[in-house]
Every structure is written in structure tokens, then in C-alpha cells.
Amino acid sequence: MVAHRGASEDAPEHTLAAYVKAIEDGADALECDVRLTADGHLVCVHDRRVNRTSNGRGAVSALELADLATLDFGTWKGRDEAGESPDWGDPGATSVLTLERLLELVADTDRRIELAIETKHPTRWAGQVEDKLLQLLDRFGLAAPAAPEESAVRVMSFSARSLHRVAEAAPTLPTVSLTQFVTPRLRDGRLPAGARIAGPSIRIVRHHPAVILRLRQAGHQIHVWTVDEPEDVELCVRLGVDGIITNRPKQVLTQLGRL
Ligand code: G3P
Ligand code: CA
């Protein structure tokens with residue numbers, strides 16, 4: 001079970017507060033989106049701009065890490081009627097989160113935690129996102145697992161080009177092809193070159209279960225996003241999917257009888 005942006009229903013997405021909670025809640029893996037700052041750091045932010053999830057404004061790609069470090073990524077979440085937000089712990093818990101810091105958190109955890117890292121709009125950077133990502137994973141000894149099945153990291157993307165780059169440079173690192181549309185290729189149970197695992201949206205699972213069965217017949221693992229409703233969890237289990245990506249790790253683990 002993969003915690004989407006951390007335990008992002010309960011805590012501000014992509015912050016240490018959300019990832020620490022996901023680990024405490026029992027998540028097997030953490031999902032994060034990565035983007036490059038203007039000065040070349042990989043940070044965990046979903047949107048192109050920081051406007052929705054911080055008290056700042058502007059595109060991540062136009063800001064330097066030092067600019068992002070002045071912002072708070074927690075106060076927008078869970079505000080009460082008086083506009084007060086909950087206390088998310090020390091200020092660092094809601095600072096901008098670098099991928100490096102997230103990797104440190106995982107390395108310092110005393111049980112195995114996997115990472116599902118999504119490259120966002122990587123084509124804009126012509127390979128720099130993948131290069132930086134692989135360099136960073138290499139520093140943590142995660143870029144070249146002996147076999148894909150042993151990897152603690154998966155690289156996900158909606159961009160086939162991004163997955164292809166990763167597959168070329170790091171052939172044993174598993175890649176997940178994210179998709180929200182049923183293409184003829186998907187109907188045939190095929191994935192883009194370089195992709196190892198299918199990553200369909202829950203809408204595809206709900207409305208096109210035959211596509212899921214076809215992908216399974218073709219021997220692909222299937223990781224579904226974003227699965228928050230109990231009936232969707234049940235459907236995923238019934239169809240035998242391999243990974244459930246959710247904003248509600250505790251609720252899903254409870255439903256699966258693991259808590
Ligand atoms: O886990 C895949 C999912 O995160 C893709 O959609 O928009 O939440 O990044 P999005
Ligand atoms: Ca994502």
C-alpha cells in the first residue's frame with residue numbers, strides 16, 4: 001500500500017509531516033512528485049506553481065531552493081473557521097521537502113519503506129529531471145538494484161519519454177506507466193517502451209475492468225491510483241492488482257485487515 005503524497009488526507013501533502021504520518025500509519029511505500037527548482041534541486045511538489053500548497057506564489061521552476069525554503073507548505077491544510085491551521089510540529093515539518101531529505105527519512109526508518117517517485121513535466125527539462133534523480137538515487141545506493149523485484153524504488157510518469165530515459169540509464173529500476181485514458185495499446189495489454197508496470201487511474205479500473213484483466217494476462221504488475229473509497233479498494237483486491245496508491249493509508253490498511 002502506497003501513501004499518495006504521504007498521509008495526505010490527514011496532513012499537508014508532500015511535507016515531512018505527511019510522510020512521517022504515513023510511516024507511522026504503516027504504509028509500505030511513499031509516493032511523491034518531483035520537480036526541478038531554478039537552481040537544479042529536486043523538490044517534492046505536485047503543482048507547477050506553489051500557490052495552492054504554500055503561502056508563496058510562483059512556478060517551482062522559476063524559484064531557487066533558498067526561495068522555497070522561506071515558504072510554509074502546511075498552513076493551507078485543515079484550517080478552522082477562524083482561519084487557524086493545526087500545529088504540524090516543528091517548522092521543518094512543513095518546509096519545502098527536497099527529495100534528498102525524503103530519501104534520508106526513508107534511510108533512517110527501521111523498517112523497509114519503498115518509494116514511488118513520479119517525474120512531473122520532465123520533457124521541459126530535456127532529461128535533467130531523470131539525470132538528477134538517478135544521481136541522487138545512486139548516492140543512496142538505490143539506482144541499480146540487482147533485479148527489478150528487489151528494488152526499493154519505482155519511477156513513475158505520465159511521460160513515456162521520461163520512463164524510457166530511466167529504463168535506458170538504469171535498466172533494473174522498475175518504471176510505472178501512469179495513464180488515465182484507455183488507449184488501443186492499453187486495451188491490447190501493452191505498455192510504452194521502457195515501462196515495466198501499469199499505472200492506471202481508479203476510473204479505468206472502475207469502468208474498464210477487462211483492460212485490467214488483459215494487462216494481468218499479459219504479465220504486467222498493476223499499481224492503481226488514487227484509491228480512497230472502500231468500494232474501490234474492494235474492487236482492486238477482487239481484480240488482483242499489485243499496488244494500491246491512496247491518500248488514506250490508515251483507512252486502507254484497516255480495510256485490508258493489516259491493522
Ligand atoms: O500515483 C500517481 C498519481 O499521483 C498521478 O496523479 O496528479 O496525483 O500526480 P497526480
Ligand atoms: Ca503523483
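**Exercise 1. Which residues are around ligand 1, and how do they divide into nonpolar, polar and charged?**

Step 1. List the shell, taking a residue as near if its C-beta atom, placed from the backbone, lies within 6 Å of the molecule. His4, Glu31, Asp33, His46, Glu118, Met156, Leu178, Trp225 and Ile245 surround ligand 1.

Step 2. Sort them. Four are nonpolar, two polar and three charged. Here Ala, Val, Leu, Ile, Met, Phe, Trp, Tyr, Cys and Pro count as nonpolar, Asp, Glu, Lys and Arg as charged, and the others, Gly among them, as polar.

Step 3. Note the basis. This is a predicted model, in which local features need pLDDT of at least 70, side-chain atom pairs count only at pLDDT 80 or more, and totals for chains, interfaces and linings use all residues. Residues are numbered from 1 along each chain as its sequence is written, while chains are lettered from A and ligands numbered from 1 in the order in which they are written.

**Exercise 2. Place strand β4 (residues 114-119) among its partners.**

Step 1. Find the pairings; two strands pair if DSSP finds at least two bridges between them. Strand β2 (residues 29-36) runs parallel to β4, joined by six bridges. β5 also pairs with β4 in the parallel sense, over four bridges.

Step 2. Pick out residue pairs. Ile117 in β4 stands opposite Cys32. Ala116 has Arg154 in β5 as its bridge partner.

Step 3. Check burial (20 or more other C-beta atoms within 10 Å of a residue's own, C-beta atoms being placed from the backbone). Five of the six residues of β4 are buried.

Definitions and conventions: Contact = placed C-beta atoms within 7 Å. Helix = DSSP H or I, 4+ residues; strand = E, 2+ residues; numbered from the N terminus. Buried ≥ 20, exposed ≤ 12 C-beta atoms within 10 Å, placed from the backbone.
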